[in-house]
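Colleague: I have a structure open and would like to go through it with you. Could you take my questions as they come?

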Amino acid sequence: MIHKRIQTVLITGGSSDLGEEFCRQLAQFEITLIVVARDEKQVYNLQRRIGPTCASIEPVLADLSTVAGIALVQDIIRQRSPVDLLINNVGCSAHGSFADSNLAAQLSIVSLQIDATLSLIRGVLPFMEEQNFGYIINVSSIGAFTAMRRAAVYGATKAFLSSFSRSLRDEVISYGVKVQCLCPGMTETELQNSGAVSYLEASSMSDRLWAKPKVLVQASLEALESEKLFVIAGGDNLEAVSTEVVKLKKLIH
Ligand SMILES: NC(=O)c1ccc[n+]([C@@H]2O[C@H](COP(=O)([O-])OP(=O)(O)OC[C@H]3O[C@@H](n4cnc5c(N)ncnc54)[C@H](OP(=O)(O)O)[C@@H]3O)[C@@H](O)[C@H]2O)c1
């Protein structure tokens, strides 16, 4: 169950995998669900894929790695505000060493995961402040707590999201806005199939580190009213993060 006052939800990357699962679980409530993605067919077929819903689904086609795409969604926020729940779910990665990488592709990861997230949050906050109510979910990764060899920029953007969420939470809590940082581990999605985030050899990983989108989204929505900032769900992921935090201490001189 989500708060009765939540009427408008905007989710980025809502047309597949984790984002689609958010839409599926939120669609049982009488809300307007604004879904941002690039692929017209995927996003327009979302309603069909998730079946009958109580929600009204409004697709928005925008490439959030571009200035124009971000501006378009900022406009939608101005027109449709207040957005009561913003889910910054969009993400992408590129696999390979940074030294050999295509710099434009790496910078595009930064635009998508940092510029877009900051711009949309900046867009919704004045309206949330005015109504003294709102929720923001930033989808980071357990990679925010670890070294992500061969996905260094991706990992760094996730660390940014975790750090930013932590500070933002303290800034906005006084005017009724709750911030959550969802940190998935290895999740059975297309992003994972593409190998783009395989900083650890998937084959050598315990099955208990894998989670299904359904479990993660349930944990995230259930934790919306919680005072906790980070949501780490599925298998042994919390233990994996704790181990990484201990390793970090060894790097301090
Ligand atoms: N899967 C994992 O193991 C894992 C682990 C940790 C964290 N995460 C995080 O969880 C989130 C969701 O991951 P996922 O695995 O569900 O990803 P995914 O399967 O690759 O889905 C990404 C979604 O984002 C949209 N998208 C991608 N690039 C876009 C762009 N430039 N502009 C607008 N929309 C764009 C895609 O639709 P279009 O292609 O139509 O635009 C799709 O709806 C990401 O932030 C990811 O980093 C995932």
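Modeller: What follows is a discussion of the overall fold, the ligand shell, one helix and several individual residues.

Colleague: Before anything else, what kind of model is this?

Modeller: This is a predicted model.

Colleague: How many helices and strands are there in the protein?

Modeller: The protein contains nine helices and nine strands. Its radius of gyration is 17 Å, close to the 18 Å that the globule rule gives for 253 residues, so the protein is as compact as a globular protein of that length.

Colleague: What box do the C-alpha atoms fill?

Modeller: Along the principal axes, the C-alpha atoms fill a box of roughly 45 × 40 × 35 Å. Buried residues account for 39% of the 253 residues. Among contacts between residues at least 6 apart in sequence, 72% join residues at least 24 apart.

Colleague: Let us turn to the ligand. Which residues come nearest?

Modeller: Of the 31 residues around the ligand, the nearest are Gly13, Asp17, Asp39, Gly91 and Thr189. The elements that contribute two or more residues to this shell are helix H1 (17-26), strand S2 (32-37), strand S7 (186-187) and helix H7 (190-193).

Colleague: And how do the residues of that shell divide into nonpolar, polar and charged?

Modeller: The shell has 13 nonpolar, 13 polar and five charged residues.

Colleague: You listed Asp17 there. Is aspartate 17 buried, exposed or partly exposed?

Modeller: Aspartate 17 lies in helix H1. It counts as partly exposed because 18 other C-beta atoms lie within 10 Å. Its phi is positive, about 50 degrees, although aspartate 17 is not a glycine.

Colleague: Why mention the sign of phi?

Modeller: Most residues other than glycine have a negative phi. Arginine 150 is another non-glycine residue with a positive phi, in this case about 70 degrees. Arginine 150 is found in the loop between S5 and H6, and it counts as buried because it has 20 C-beta neighbours inside 10 Å.

Colleague: On the backbone still, where is there a cis peptide bond?

Modeller: A cis peptide bond joins serine 81 and proline 82, with omega about 5 degrees. Proline 82 is in the loop between H4 and S4. Most peptide bonds are trans.

Colleague: Now helix H5. What span should its 29 residues have?

Modeller: Helix H5 covers residues 103-131, and at 1.5 Å a residue its 29 residues should span 42 Å. The end C-alpha atoms are 42 Å apart, which agrees.

Colleague: Where is the kink in H5 centred?

Modeller: The kink is centred on serine 111 and amounts to about 35 degrees. After H5 comes asparagine 132, whose phi is positive, near 60 degrees.

Colleague: Which elements do the buried residues of H5 pack against?

Modeller: They pack against strand S1 (8-12), helix H4 (67-80), strand S4 (85-88), strand S5 (134-139), helix H6 (152-172) and strand S6 (177-182). The buried residues of H5 include Ile109, Leu112, Gln113, Ala116 and Leu120.

Colleague: Gln113 caught my eye. Why is glutamine 113 classed as it is?

Modeller: Glutamine 113 is buried because 28 other C-beta atoms lie within 10 Å. Leaving aside residues up to four places away in sequence, glutamine 113 touches Gly91, Thr157 and Leu161. Gly91 is also among the residues that come nearest to the ligand. Glutamine 113 and lysine 158 are 45 residues apart in sequence and 7.8 Å apart in space, C-alpha to C-alpha.

Colleague: Where is serine 97 found, and is serine 97 buried or exposed?

Modeller: Serine 97 is in the loop between S4 and H5. It counts as exposed because it has 10 C-beta neighbours inside 10 Å. Between the C-alpha atoms of serine 97 and arginine 149 there are 7.4 Å in space, with 52 residues separating the two in sequence.

Colleague: One last residue. What does leucine 61 touch?

Modeller: Leucine 61 touches Arg38, Glu40 and Val43, not counting residues up to four places away in sequence. Leucine 61 belongs to strand S3 (residues 56-61), and it is partly exposed, with 15 other C-beta atoms within 10 Å. The C-alpha atoms of leucine 61 and arginine 38 are separated by 5.0 Å, although these residues are 23 residues apart along the chain.

Technical notes
Residues numbered from 1 in each chain as written. Predicted model: local features only at pLDDT ≥ 70, side-chain atom pairs only at ≥ 80, totals over all residues. Near = placed C-beta within 6 Å. Helix = DSSP H or I, 4+ residues; strand = E, 2+ residues; numbered from the N terminus. Nonpolar A, V, L, I, M, F, W, Y, C, P; charged D, E, K, R; others polar. Rg over C-alpha atoms; globule rule 2.2 N^0.38 Å. Buried ≥ 20, exposed ≤ 12 C-beta atoms within 10 Å, placed from the backbone. Contact = placed C-beta atoms within 7 Å. Expected span 1.5 Å × (residues − 1). Bend = angle between axes of the 7 residues up to and from the residue.
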